[in-house]
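Me: Please take a close look at one part of this model. I would like the contacts and the exposure, with cut-offs.

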Amino acid sequence: MRVLSLVSYSPSSLPSVKELAGIYSEILKGMEVVITDNPPGIDDIAGLEFKGYYEAVGEVHCNGLYVTTPGIALDLTLNHLGDIGRTMRNLVPRITYFRTAALIINMIRGNISEVLDNIRLRVPGARVVGIPFYRDLLFQGFNRTSTIPDMSELISVVEEIVTGGGD
């Protein structure tokens, strides 16, 4: 597994799709799963990455795992969820498939079941995963706290995708 990021090779300007495809061709040798971390929606950089990946590999599909927090960020994510697939199909018309594999809600305060049930009503059929709010993680991070959230459901989603059970 490899994390793709334009920052990792520090370009002074955005590369063309062809330049990025050349870079990706080298980076992606031997990779079976590629995870990109982008903000909700599709911005210019995410679109460039998507096209560059397609040019480098010759095929592309996407299992979207959207991570957001409750409140305004969740509302924005839900409002644009349907647009992401259409935008990706416009960017790469030969996309094999695009689907929302899961919506992950991070930093939930209060009754997690109630929050998730409410979200499931707003997005019927979507797999929704909740991660509770942990003050220590927010202020100290994983490397400086003993607080470890239960990520078993999220791990299960990713394993299903990787093993083909989520196709």
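Reply: Here is a close look at strand 3 and helix 3, with their side-chain contacts.

This is a predicted model, where local features need pLDDT of at least 70, side-chain atom pairs count only at pLDDT 80 or more, and totals for chains, interfaces and linings use all residues. Residues are numbered from 1 along each chain as its sequence is written, and side-chain values use heavy atoms, with hydrogens and water left out.

T68 sits in strand 3. Helices (H or I, at least four residues) and strands (E, at least two) are DSSP runs, numbered from the N terminus. T68 is buried, at 5% relative accessibility. Buried means under 20% relative accessible area, exposed over 50%, partly exposed in between (1.4 Å probe, protein chains only). A polar atom of the T68 side chain lies 3.2 Å from the backbone oxygen of A73. The backbone nitrogen of L74 lies 3.4 Å from a polar atom of that T68 side chain.

L65 is also found in strand 3 (residues 62-68). L65 is partly exposed, at 32% relative accessibility.

Now the charged pairs. A salt bridge is a side-chain nitrogen of Lys or Arg within 4 Å of a carboxyl oxygen of Asp or Glu. R122 and D75 form one, with the closest N and O atoms 2.9 Å apart. R122 lies in helix 4 (residues 112-122) and D75 in helix 3 (residues 72-91), so the pair ties together parts 47 residues apart in sequence. D75 is partly exposed, at 32%. R122 is partly exposed too, at 43%.

D83 and R86 meet in another salt bridge (2.6 Å, N to O). Both lie in helix 3, three residues apart, about one turn of the helix. D83 is partly exposed at 30%, whereas R86 is exposed at 51%.

Terms used: A polar contact is a pair of N or O atoms within 3.5 Å; within protein, one must be able to donate a hydrogen and the other to accept it, and residues adjacent in sequence count only if both atoms are side-chain atoms.
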